[in-house]
Structures are given as C-alpha cells and as structure tokens.
Amino acid sequence: MEPIVVSACLAGIPCRYDGRAKTSDGAVRLVEEGRAVVVCPEGAGGLPTPRPPAEIVGGDGADVLDGRARVVDATGADCTAEFLAGARAALSAAEEARARRAVLMARSPSCGCGQVYDGTFSGELRPGDGVTAALLRRAGIEVTAG
Ligand code: SF4
C-alpha cells in the first residue's frame with residue numbers, strides 16, 4: 001500500500017509544543033494499516049517537548065526556505081535552524097519510504113498546509129505553508145492538512 005507521511009501529533013503522539021497530541025482518526029487508521037511514515041519535524045530538529053509556541057515571522061515556510069523569513073518562538077528565541085533541520089529530516093524519511101503524499105497538522109509553523117499563523121502571536125492566520133510542508137511540496141509531495 002502507498003506510504004503516506006503523517007504528522008506525529010495527528011497519529012496520537014503527544015509531541016506538540018504544549019505536550020499534547022491532536023489525534024485524528026484518519027491518521028490513526030494510516031498507522032494501523034502500516035502505511036504511515038510518522039514524522040515530527042520540530043522534535044527531529046532538536047526542539048524539546050513541551051516548548052514555547054513558535055510562528056513564522058516575515059512570510060511563510062517557503063520564505064523560510066529561501067532565507068526571507070525566520071521562525072521565532074513566543075520568548076523571542078530564533079528557532080529557524082531547528083525548523084529547517086526538522087524539515088530536512090521529514091523529507092529524508094519521505095524519500096526513504098518513497099512517499100508521494102503527506103497528511104499534516106493544520107496551521108503549524110512546520111506542518112501547516114495552506115494556512116499558518118501570521119507571526120504576531122495573536123491568533124491571526126495568513127496564507128502559506130509551514131516549513132516542512134513547503135519543503136515536501138517543493139519535492140513534489142502532495143501535502144494536505146489532516
Ligand atoms: Fe510535530 Fe508537526 Fe505535530 Fe508540530 S505539528 S508537533 S512539528 S508533527
């Protein structure tokens with residue numbers, strides 16, 4: 001069966017910034033079917049759980065990949081390098097499994113697809129992808145929010 005990249009927090013792993021999961025039945029089904037390539041880019045990039053929430057400042061994930069935007073957490077710490085490392089780890093896992101699709105956590109600065117928070121920590125959204133979603137999309141992987 002076709003492998004599909006899945007955000008770990010959707011698969012029930014409590015790896016979100018707040019130490020919780022955001023379990024989705026669809027993602028759990030992919031795990032049960034043995035099709036899920038489970039990734040948590042922020043963890044893979046070296047960030048601890050729990051951790052301060054982070055947002056992309058100055059653009060979206062594609063802009064981070066191009067060096068035009070940064071990822072900053074709620075304390076003001078720059079965590080761009082960790083987000084980039086995590087995105088590369090997720091892409092490596094996807095390529096190793098030959099996955100062509102990904103089901104990712106909505107609105108996350110890593111995993112968000114089509115919408116992310118706007119960098120003001122005010123709950124406002126902007127169009128765009130998270131850093132990992134943008135990198136997977138550039139590699140030709142179809143990304144959707146789970
Ligand atoms: Fe990890 Fe992505 Fe879930 Fe954030 S949204 S906890 S990076 S899997």
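A residue counts as buried if 20 or more other C-beta atoms lie within 10 Å of its own C-beta, as exposed if 12 or fewer do, and as partly exposed in between. The tour below applies this scale to a predicted model.

**Stop 1: G46**

Select G46, in the loop between helix 2 and strand 3. With 13 other C-beta atoms within 10 Å, G46 is partly exposed, because that count falls between the limits of 12 and 20. Leaving aside residues up to four places away in sequence, G46 touches E82 and A85. Now add F83 to the selection: G46 and F83 are 37 residues apart along the chain, and their C-alpha atoms are separated by 8.7 Å.

**Stop 2: the peptide bond before P50**

Remain in the loop between helix 2 and strand 3, where P50 is also found. Display the backbone of T49 and P50, which are joined by a cis peptide bond with an omega of about -5°. Most peptide bonds are trans.

**Stop 3: the ligand and its shell**

Centre the view on the ligand. Which residues are the closest to the ligand? They are C9, C40, M105, S108 and C111, from a shell of 13 residues. Next, colour the shell by residue class: seven of its residues are nonpolar, four are polar and two are charged. Then highlight helix 2, residues 41-44, which supplies three residues, the largest share of the shell.

**Stop 4: the open sheet**

Switch to a cartoon view and select strands 2, 1, 5 and 8. In that order they form an open sheet with parallel pairing. Strand 2 (36-39) and strand 8 (142-145) are the edge strands; each has a single partner strand, so one side of each is left without a neighbour in the sheet. Ignoring direction, neighbouring strands of this sheet are turned against each other by 25° on average.

Zoom in on strand 5, residues 101-104, which pairs with strand 8 in the parallel sense over four bridges. Within this pairing, L104 stands opposite A145 in strand 8.

**Stop 5: the helices on the sheet**

Add helix 4, residues 80-97. Helix 4 packs on the sheet and touches strand 1 (4-7), strand 2 and strand 5. The direction of helix 4 makes about 165° with that of strand 2.

Follow with helix 5, residues 131-138. This helix lies across strand 1, strand 5 and strand 8, and runs at about 150° to strand 8. Is helix 5 mostly covered or mostly uncovered? It is mostly covered, as six of its eight residues are buried: V131, T132, A133, A134, L135 and L136. Just past helix 5, select G140, whose phi is positive, near 90°.

**Stop 6: the nonpolar core**

Select I4, V5, V6, A102, L104 and L136. Of the 45 residues in the largest nonpolar core, these touch the most other members. Helix 4 contributes six residues, the largest share of this core.

Return to L104 and show its surroundings. Residues up to four places away in sequence aside, L104 touches S7, C111, C113, A133, V143, A145 and G146. One of these, C111, is also among the residues closest to the ligand. Another, A133, is a buried residue of helix 5.

**Stop 7: two positive phi angles**

Most residues other than glycine have a negative phi. Select R107, in the loop between strand 5 and strand 6 (115-117). R107 is not a glycine, yet it has a positive phi of about 70°. R107 is partly exposed, with 15 other C-beta atoms within 10 Å.

Move on to F121, in the loop between strand 6 and strand 7 (125-127). The phi of F121 is also positive, near 55°. F121 counts as partly exposed, with 15 C-beta neighbours inside 10 Å.

**Stop 8: G128**

End at G128, in the loop between strand 7 and helix 5. Is G128 buried or exposed? G128 is buried, because 22 other C-beta atoms lie within 10 Å and the limit for a buried residue is 20 or more. Not counting residues up to four places away in sequence, the contacts of G128 are D60, G61, A62 and V116. As a last step, place a distance label between the C-alpha atoms of G128 and V116: they are 6.0 Å apart in space and 12 residues apart in sequence.

Methods: Residues are numbered from 1 along each chain as its sequence is written. This is a predicted model: local features need pLDDT of at least 70, side-chain atom pairs count only at pLDDT 80 or more; totals for chains, interfaces and linings use all residues. A residue is near a molecule or strand if its C-beta atom, placed from the backbone, lies within 6 Å of it. Ala, Val, Leu, Ile, Met, Phe, Trp, Tyr, Cys and Pro count as nonpolar, Asp, Glu, Lys and Arg as charged, and the others, Gly among them, as polar. Two strands pair if DSSP finds at least two bridges between them. Axes are lines fitted to C-alpha atoms, for helices over the stretch in contact, and angles run from 0 to 180 degrees between N-to-C directions. Two residues are in contact if their C-beta atoms, placed from the backbone, lie within 7 Å. A nonpolar core is a set of buried Ala, Val, Leu, Ile, Met, Phe, Trp, Tyr and Cys residues joined through C-beta atoms within 7 Å.
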